[in-house]
Amino acid sequence: MHILKLCVRPWRWCSHRQTSFSLLLTISLTTLLVSPSLAQTPSIPLPSDAPLELDLLTKPKDYVITANTINPAQLTVPSLWWAQQNSEKKLLDNWIAYPASGKEPARVDLIVNQQIWSLLDYVQRYDFVNRLGSAARNFGYNIRVFNYQKEPLATYTCNFSTSPALCSIQTTIKNKIGLQHYSNS
């Protein structure tokens, strides 16, 4: 049995095989035209996996900035003191800011008071990470949040090659038996 269908060209009839070929050609062309634009969609990089260097809090090197670093001549970048003094004084204990290197973008490792952090619910933690991540983003920095036991608690990571920067927040969530996993936002 041979089924005739209306062909792509007006007023002509074509077979099922020709219709299938036309449909396949249309899908192929659409894929070729759409895929490159999808492939060019910038992605957000993964958070840095460099270890937290707590010894830099007491013995800072020239290239890092901590909450105790003060530049008398100009604004020290990134400037997180206002965020710390404004509302995070008890939660945000200290930070270590690393400039961009050939391998990694600039980042700030925030060290929080674990007792205060554990009292916050998910929304409060998200709000903290978002506010400080936004402040750091304005200076071109990503953030990671740790406690003094060097446990990763959250990240705020951006792709700064886009305008505006595309950013992602990840937080660790501990379940009732103490296992933790990351949650993306």
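The side chain of Asn142 reaches the backbone nitrogen of Cys158, at a distance of 2.6 Å. I begin with this contact, and I should say at once that the model before you is a predicted one. Asn142 belongs to strand S6, which covers residues 142-146. Is Asn142 buried or exposed? Its relative accessibility is 7%, and because buried means under 20%, Asn142 counts as buried. If we set aside the neighbours within four places in sequence, the residues in contact with Asn142 include Pro105, Ala106, Arg107 and Val108. Tyr156, Thr157, Cys158 and Phe160 are in contact with Asn142 as well.

Two of these residues, Cys158 and Arg107, lead to the next parts of this talk.

Let me take Cys158. Which residue is joined to Cys158 by a disulfide? The partner is Cys167, and the two sulfur atoms lie 2.0 Å apart. The count of disulfides comes to one. The angle about the S-S bond is 105°, and the link of Cys158 and Cys167 is right-handed. The two ends may also be described by their accessibility. Cys158 has a relative accessible area of 2% and is buried, whereas Cys167, with 26%, is partly exposed.

I turn now to Arg107 and to the charged side chains. Side chains of opposite charge can pair when their charged atoms come close. How many salt bridges does the structure hold? There are four. In one of them, Glu104 is paired with Arg107, and the closest N and O atoms are 3.0 Å apart. Arg107 also meets the side chain of Asp109 in a salt bridge, at 3.4 Å from N to O. Beyond these pairs, a network of salt bridges links Glu104, Arg107, Asp109 and Arg144.

Accessibility again helps to place the members of this network. Arg107 is buried, with a relative accessible area of 8%. Asp109 is buried too, with a value of 0%. Glu104, in contrast, has a relative accessible area of 22% and is partly exposed.

A further salt bridge is found in helix H4, which runs over residues 122-137. Here Arg131 pairs with Asp127, with 3.0 Å between the closest N and O atoms. Where do these two residues stand along the helix? They are four residues apart, so about one helical turn separates Arg131 from Asp127. Arg131 has a relative accessible area of 36% and is partly exposed, and Asp127, at 35%, counts as partly exposed.

I close with the strands. Strand S5 covers residues 107-112 and pairs with S4 in the antiparallel sense, over six bridges. Within this pairing, Trp95 has Leu110 in S5 as its bridge partner. S4 also pairs with strand S3, residues 65-66: these strands run antiparallel and are joined by two bridges. Across that pairing, Thr66 stands opposite Ile96 in S4.

How many of the seven residues of strand S4 are buried? Six are, and the strand, residues 92-98, is mostly covered. In a regular strand, side chains alternate between the two faces of the sheet.

To restate the starting point, the side chain of Asn142 reaches the backbone nitrogen of Cys158, and Cys158 in turn forms a disulfide with Cys167. Asn142 is also in contact with Arg107, and Arg107 forms salt bridges with Glu104 and with Asp109.

Key: Residues numbered from 1 in each chain as written. Predicted model: local features only at pLDDT ≥ 70, side-chain atom pairs only at ≥ 80, totals over all residues. Heavy atoms only, no water. Buried < 20%, exposed > 50% of the residue type's maximum accessible area, 1.4 Å probe, protein only. Polar contact = N/O pair within 3.5 Å; in protein donor to acceptor, adjacent residues only side chain to side chain. Contact = heavy atoms within 4.5 Å. Pairing = 2+ DSSP bridges. Disulfide = S-S within 2.5 Å.
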